[in-house]
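Me: Could you take a close look at one part of this model for me? I'd like to hear about the salt bridges and about the helices that carry them.

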Amino acid sequence: MSVTAFILCLVFICLAAVFLYRKLNPQGVLLLAGLAMLVSAALLGIRPLAPQHPTGSPVFDLVKLVEETFLGNLSRAGFMIMTIGGYVAFMNHIKATNALVYLSMKPLGFFRKYPYLAATVTIPIGQLLFITTPSATGLGLLLVASVYPVLVELGVSRLTALSVITAATLFDQGPGSANTALAASLIQETNVAYFVARQLPLVLPTTVVVMLLFYINNKYCDRRDAARSTEVQSKPAVTEKPSVPLFFAWLPVLPLLLLIVFSPYVGLVQPPVTLNTTSAMFFSMFVSLIFEVFHLRSIRKTFEAFTSFWKGMGNVFANVVTLIVASEVFSKGLISLGFIDSLVDYSTHLGLSGVFIAAVFALIIFSAAMLMGSGNAAFFSFGPLLPGIAARLGMPAYSLVLPLQLSASMGRAASPIAGIIVAIAGVAGVSPLELARRNTLPLIGSILFLIFYHFITL
């Protein structure tokens with residue numbers, strides 16, 4: 001890759017950062033920056049515009065790339081995010097969320113005195129769920145529907161509740177993770193062996209550090225915001241018994257329970273049943289409608305309540321899915337100009353020691369995931385290069401693959417354009433930039449510990 005292309009990447013990154021800081025529309029900023037990088041890559045002869053179905057015209061090929069990105073996202077995560085957003089809206093409309101919070105406050109009343117402890121405990125619990133539900137955005141939204149209102153009612157801020165939910169998805173681990181599958185194949189191990197022998201010994205101590213740092217940071221930030229007279233708490237009015245039957249409290253957590261019960265990694269159902277997040281949401285939606293029609297005893301009123309589901313889907317599409325699409329175009333622009341390849345090339349030519357190079361790579365891939373908004377995109381760009389680099393440095397392949405694979409998913413939690421950040425912030429009504437900023441400091445401390453611990457235990 002030419003120096004010109006690398007400089008262009010830095011220019012577009014800086015311009016996008018400035019415009020986002022000035023609160024310009026993020027969809028427009030990221031989309032135009034991504035398209036500009038794609039055009040630049042084509043003009044410089046680095047990578048041509050290559051949609052899956054070319055139109056025969058470079059101008060229309062550029063538009064075709066945007067169309068295919070939209071369709072690809074809708075067929076993958078986009079529709080899932082929309083259904084979860086709609087389900088959350090419906091749960092709020094029928095006051096099932098109020099019932100969940102009301103019942104949860106009785107056994108969790110102890111944590112009213114220690115709300116930040118309750119929030120921090122969410123992290124390891126969520127990480128266990130993440131193994132059975134290996135979709136950061138999907139799990140994040142499910143936790144927003146179930147855990148988030150409880151944490152806010154206990155007394156933490158909205159940002160703190162969302163922060164610990166993202167922390168629950170920091171590590172792409174477990175046999176079902178795409179990054180785990182690639183990492184295991186790169187070092188020629190099975191997914192399960194890699195998870196047990198490589199990931200867990202590093203993830204477990206790092207999780208303890210993550211919990212400590214997030215606890216300290218969230219508590220400090222909430223006190224600082226309170227001192228600035230910023231609204232810290234946003235409690236729903238659920239201190240009194242809600243007007244709906246209390247068994248409605250099961251409805252917000254029903255999709256999560258279904259995914260756990262029917263997960264092939266849990267093995268509770270034999271023969272196994274294949275159930276994805278979207279199917280679980282629709283099944284839960286139909287169950288909720290049955291409960292609602294018996295509660296209201298009116299088909300007309302039930303269908304009117306059902307409208308909130310579609311409105312919720314539409315709001316998520318307008319605010320979340322469009323931003324994810326724009327972020328992916330921006331990521332494609334960086335890749336098309338060879339930004340990731342350049343970072344690798346420049347780092348390997350510094351003449352540093354193997355361990356130091358590995359530490360630099362971990363920080364680079366962490367930063368790349370922040371810029372691209374995707375741990376998968378960052379690791380899939382770096383990953384295939386790592387065994388060869390490790391051989392040149394005289395190191396075992398896993399010594400590079402493992403920390404970089406985990407660093408990529410950690411960087412996602414500090415990216416304001418990452419799917420999980422955009423999705424849960426959009427549903428909760430906070431700024432993705434503020435949430436990413438809240439996560440950044442404890443994540444930097446966590447990744448430094450991860451690198452240090454990994455290399456002293458090699």
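Reply: Happy to. A salt bridge here is a side-chain nitrogen of Lys or Arg within 4 Å of a carboxyl oxygen of Asp or Glu. Please keep in mind that this is a predicted model. By that rule, the count comes to seven salt bridges. Side chains of opposite charge can pair when their charged atoms come close.

Let's begin with the network. D222, R224, D225 and R438 are linked by salt bridges into a network. One of its links joins R438 to D222, with the closest N and O atoms 3.2 Å apart. Because R438 sits in helix α20 (residues 432-456) and D222 in helix α10 (residues 191-227), this pair ties together parts of the chain that are 216 residues apart in sequence. Both R438 and D222 are buried. R438 also meets the side chain of D225 in a salt bridge, at 3.5 Å from N to O. Here again R438 belongs to α20 and D225 to α10, so the pair connects parts that lie 213 residues apart in sequence. D225 is buried, as is R438.

Next comes another salt bridge, between R412 and D172, whose closest N and O atoms are 3.2 Å apart. This pair links distant parts of the chain: R412 is in helix α18 (residues 397-412), while D172 is in the loop between α8 and α9 (178-186), and the two residues are 240 apart. R412 and D172 are both buried.

The helices named so far can be followed further. Helix α10, which holds D222, also packs against α18, the helix of R412. The axes of α10 and α18 come within 11 Å and cross at roughly 60°, and the crossing of α10 past α18 is right-handed. On the α10 side, the contact involves Y194, R198, Q199, L202 and V203; on the α18 side, Y398, V401, L402, Q405 and L406 take part. Sorted by class, the residues of this contact are seven nonpolar, two polar and one charged.

Helix α8, which comes before the loop that holds D172, has a packing partner too. The axes of α8 (residues 158-167) and helix α19 (residues 419-428) come within 11 Å and cross at roughly 150°. Since angles over 145 degrees count as roughly antiparallel, that makes α8 roughly antiparallel to α19. The crossing of α8 past α19 is right-handed. R158, L162, I165 and T166 of α8 make the contact with I420, I421, I424, A425 and A428 of α19. By class, this contact has seven nonpolar, one polar and one charged residues.

For a last stop, let's turn to a leucine. L35 belongs to helix α2 (residues 26-43). With a relative accessibility of 16%, L35 counts as buried. Leaving aside residues up to four places away in sequence, L35 touches L62, V66 and V329. As for V66, the C-alpha atoms of L35 and V66 are separated by 8.7 Å, and the two residues are 31 apart along the chain.

To draw the charged part together: R438 of α20 pairs with D222 of α10 and also with D225 of α10, and these residues share a network of salt bridges with R224.

Definitions and conventions
Residues are numbered from 1 along each chain as its sequence is written. This is a predicted model: local features need pLDDT of at least 70, side-chain atom pairs count only at pLDDT 80 or more; totals for chains, interfaces and linings use all residues. Side-chain values use heavy atoms; hydrogens and water are left out. Axes are lines fitted to C-alpha atoms, for helices over the stretch in contact, and angles run from 0 to 180 degrees between N-to-C directions. Helices (H or I, at least four residues) and strands (E, at least two) are DSSP runs, numbered from the N terminus. Angles under 35 degrees count as roughly parallel, over 145 as roughly antiparallel, 65 to 115 as roughly perpendicular and the rest as oblique. A crossing is left-handed if the near helix is turned anticlockwise from the far one by less than a right angle, and right-handed if clockwise. Contact means heavy atoms within 4.5 Å. Ala, Val, Leu, Ile, Met, Phe, Trp, Tyr, Cys and Pro count as nonpolar, Asp, Glu, Lys and Arg as charged, and the others, Gly among them, as polar. Buried means under 20% relative accessible area, exposed over 50%, partly exposed in between (1.4 Å probe, protein chains only).
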